Structures are given as structure tokens and as C-alpha cells.
Amino acid sequence: MKLLIFGPQGSGKGTQAEILSEKLDMPHISTGDIFRENVKNQTELGQKAKAYMDQGQLVPDDIVIAMIKNRLSQTDANFGFVLDGYPRTIPQAEALDRITKIDKILEVWISDDESLMRLGGRRSCQKCGAVYHLKFNPPKNESQCDKCGSRLIIREDDTEAVIKERLQQYHQQTEPLVKYYQDQNKHIKIDGMPPIIDVTSEIFSKLFIN
Ligand code: AMP
């Protein structure tokens with residue numbers, strides 16, 4: 001199954017994508033994670049993306065499209081994947097339609113207030129990318145990753161001004177994807193407000209996963 005998952009910052013899309021990828025044994029491909037990895041390793045791609053990311057802006061379409069085309073050509077993505085954070089614009093969705101055929105699109109909805117509140121407590125693992133929330137999904141130790149033991153940090157793009165900018169970008173550029181995929185009869189809306197476990201249940205039920 002080829003799945004897309006999108007939603008505003010803090011909607012839990014990354015967490016749900018990880019759960020789905022484990023359950024269905026398919027790669028979880030997060031464009032945000034790929035960019036962060038490239039920034040960390042100071043690659044050419046990372047250097048191009050960093051300034052946009054730090055300001056809460058989207059990385060330009062041509063850069064993202066080339067990157068995703070390359071990632072989806074790798075053999076582990078041949079039979080299915082959970083794509084998280086892509087597409088975020090209509091041109092990105094059109095490019096994806098030219099690369100492969102997507103089965104379903106999950107929109108994980110939360111309100112703007114909830115997004116701001118959730119991102120305030122978010123902590124991310126520098127090394128393996130695991131994401132926690134001090135209130136909703138706390139690590140055993142506030143400053144340490146449960147999975148790999150590395151230090152947890154507040155991402156540079158999780159500050160309040162940057163979160164507001166990212167939300168505005170989301171409404172302007174990413175929300176039009178709802179209609180784009182409704183027209184293809186592939187859009188599934190998920191209520192992202194309840195606890196993680198309930199959101200997972202709704203996703204499994206709507207995708208007919210046991
Ligand atoms: P995320 O972790 O998905 O919130 O992504 C973090 C940042 O990476 C975003 O705020 C963007 O700057 C950049 N990014 C990730 N995916 C995309 C995309 N599909 N298009 C443009 N920029 C992206």
C-alpha cells in the first residue's frame with residue numbers, strides 16, 4: 001500500500017506514520033527527517049534547505065521533488081511506503097502523480113490552538129529522530145531518548161514565531177491538497193485531537209487494517 005499522511009505541525013502525523021510503517025512493514029519516508037539528516041551532515045542539500053527550515057518556510061519545490069524522486073526510486077519503496085510531510089504543495093502532488101500511484105491520503109486534522117500548545121512541549125532525538133511530548137508522550141527521562149539513549153532537543157523550528165509561520169504556510173499551501181485528493185477519491189480525514197492510541201484506531205479502521 002502506498003500511503004501519504006499530512007496534517008498541521010503537531011498533528012502527530014510522524015508518530016502515526018511510524019506506527020503504520022511498523023504495522024505494515026513498509027518504510028516510513030519523512031521529508032523533514034531527510035532534510036534534518038542532511039543539515040546535520042552538512043551536505044549540499046542540507047545547506048540549501050537549512051535557511052528555509054529555520055524560518056518555518058517550505059523548501060522550494062524543485063529541490064524537494066528531486067529529492068523525493070531519488071528516494072522513491074530505491075528498492076525498499078517499490079511495494080509500499082508511508083510518505084510523511086510530502087507533498088506539501090499542489091506542484092509537489094502533481095510531480096508525485098507522475099512518479100507513482102498513491103492509494104490513500106490521510107489528513108490528520110487538529111486546530112491551530114492545539115498545534116501551538118502541542119509543539120510547545122515537543123522534544124526530538126538528535127540522533128534517531130524519535131519525537132516525544134513532555135505531556136502527551138513523555139520519554140522516561142526528560143532529556144534522553146528511550147530508543148537510543150541520545151540527548152533530546154527542542155527543534156529550532158519549534159519556537160512560537162516559527163510555529164505560527166509554519167501554520168500559515170500550511171493553510172495557504174498544503175490545505176489545498178485536501179480538494180486535490182478528494183477529486184481523486186483518495187482523501188481520508190482523521191481526527192487528530194484525541195490521544196495517540198485513539199487516532200491510531202481510527203486510522204486502522206478507515207484503512208481496514210486489523
Ligand atoms: P517536518 O518535520 O515535516 O515538519 O519538516 C520540517 C521542515 O522541512 C519544514 O518546515 C520545511 O522547511 C521542510 N520540508 C519538509 N518537507 C517538505 C516539503 N514536502 N516541501 C517543502 N519543505 C519541506
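**Helix packing, a small sheet and selected residues**

Helix H6, which spans residues 112–120, lies across strands E5 and E6 and runs at about 55 degrees to E5. This arrangement, like everything described below, comes from a predicted model, and it offers a convenient place to start a walk through the structure.

The sheet beneath this description is an open one of three strands, in the order E6-E5-E7, with antiparallel pairing. Strand E6 (131–133) and strand E7 (152–153) stand at the edges; each has a single partner strand, so one side of each is left without a neighbour in the sheet. In general, the strands of a sheet pair through backbone hydrogen bonds, in either a parallel or an antiparallel manner. Strand E5 (residues 122–125) is joined to E7 by two bridges, and these two strands run antiparallel. Within this pairing, serine 124 stands opposite isoleucine 153 of E7.

Strand E5 also holds cysteine 125. Is this cysteine buried or exposed? Cysteine 125 has a relative accessible area of 5%, and because buried means under 20%, the residue counts as buried. When residues up to four places away in sequence are not counted, cysteine 125 touches Ala130, Cys145, Cys148, Ser150, Arg151 and Leu152. For a sense of distance across the chain, the C-alpha atoms of cysteine 125 and leucine 4 are separated by 23 Å, with the two positions 121 residues apart in the numbering.

Turning back to H6, this helix also packs with helix H7 (residues 160–174), at an angle of about 145 degrees and with the axes 10 Å apart. The crossing of H6 and H7 is right-handed. On the H6 side, the contact is made by Asp112, Ser115, Leu116 and Leu119; on the H7 side, these meet Glu160, Ile163, Lys164, Arg166, Leu167 and His171. Sorted by class, the H6 and H7 contact has four nonpolar, two polar and four charged residues.

A further helix pair is formed by H5 (residues 90–99) and H8 (residues 176–183), whose axes come within 10 Å and cross at roughly 30 degrees. How are the two helices oriented with respect to each other? The crossing angle makes H5 roughly parallel to H8, because angles under 35 degrees count as roughly parallel. From H5, the residues Ile90, Ala93, Glu94, Leu96 and Asp97 meet Pro176, Leu177, Tyr180 and Tyr181 of H8. By class, this contact of H5 with H8 has seven nonpolar and two charged residues, and no polar ones.

The loop that lies between strand E3 (81–84) and H5 contains proline 87. The peptide bond leading from tyrosine 86 into proline 87 is cis, with omega near 0 degrees.

Two other buried residues sit in strands. Serine 30 is found in strand E2 (residues 28–30), and with 8% relative accessibility serine 30 counts as buried. Apart from neighbours within four places in sequence, serine 30 is in contact with Arg36 and Asp84. Isoleucine 190 belongs to strand E8 (residues 187–191) and is buried, with a relative accessible area of 0%. With neighbours within four places in sequence again left aside, the contacts of isoleucine 190 are Leu106, Glu107, Val108, Trp109, Val199, Glu202, Ile203 and Lys206. Isoleucine 190 and aspartate 112 are 78 residues apart in sequence, and their C-alpha atoms are 16 Å apart in space. Aspartate 112 has already appeared above, among the H6 residues that meet H7.

Finally, what is the sign of phi in glutamine 42 and in phenylalanine 208? Phi of glutamine 42 is near 50 degrees, a positive value in a residue other than glycine. Glutamine 42 lies in the loop between helix H2 (31–40) and helix H3 (44–54), and at 60% relative accessibility glutamine 42 counts as exposed. For phenylalanine 208, phi is near 60 degrees, which is again a positive value in a residue other than glycine. Phenylalanine 208 is located in the segment after helix H9 (196–206) and is exposed, with a relative accessible area of 77%.

Terms used. Residues are numbered from 1 along each chain as its sequence is written. This is a predicted model: local features need pLDDT of at least 70, side-chain atom pairs count only at pLDDT 80 or more; totals for chains, interfaces and linings use all residues. Side-chain values use heavy atoms; hydrogens and water are left out. Axes are lines fitted to C-alpha atoms, for helices over the stretch in contact, and angles run from 0 to 180 degrees between N-to-C directions. Helices (H or I, at least four residues) and strands (E, at least two) are DSSP runs, numbered from the N terminus. Angles under 35 degrees count as roughly parallel, over 145 as roughly antiparallel, 65 to 115 as roughly perpendicular and the rest as oblique. Contact means heavy atoms within 4.5 Å. Ala, Val, Leu, Ile, Met, Phe, Trp, Tyr, Cys and Pro count as nonpolar, Asp, Glu, Lys and Arg as charged, and the others, Gly among them, as polar. Two strands pair if DSSP finds at least two bridges between them. A crossing is left-handed if the near helix is turned anticlockwise from the far one by less than a right angle, and right-handed if clockwise. Buried means under 20% relative accessible area, exposed over 50%, partly exposed in between (1.4 Å probe, protein chains only).
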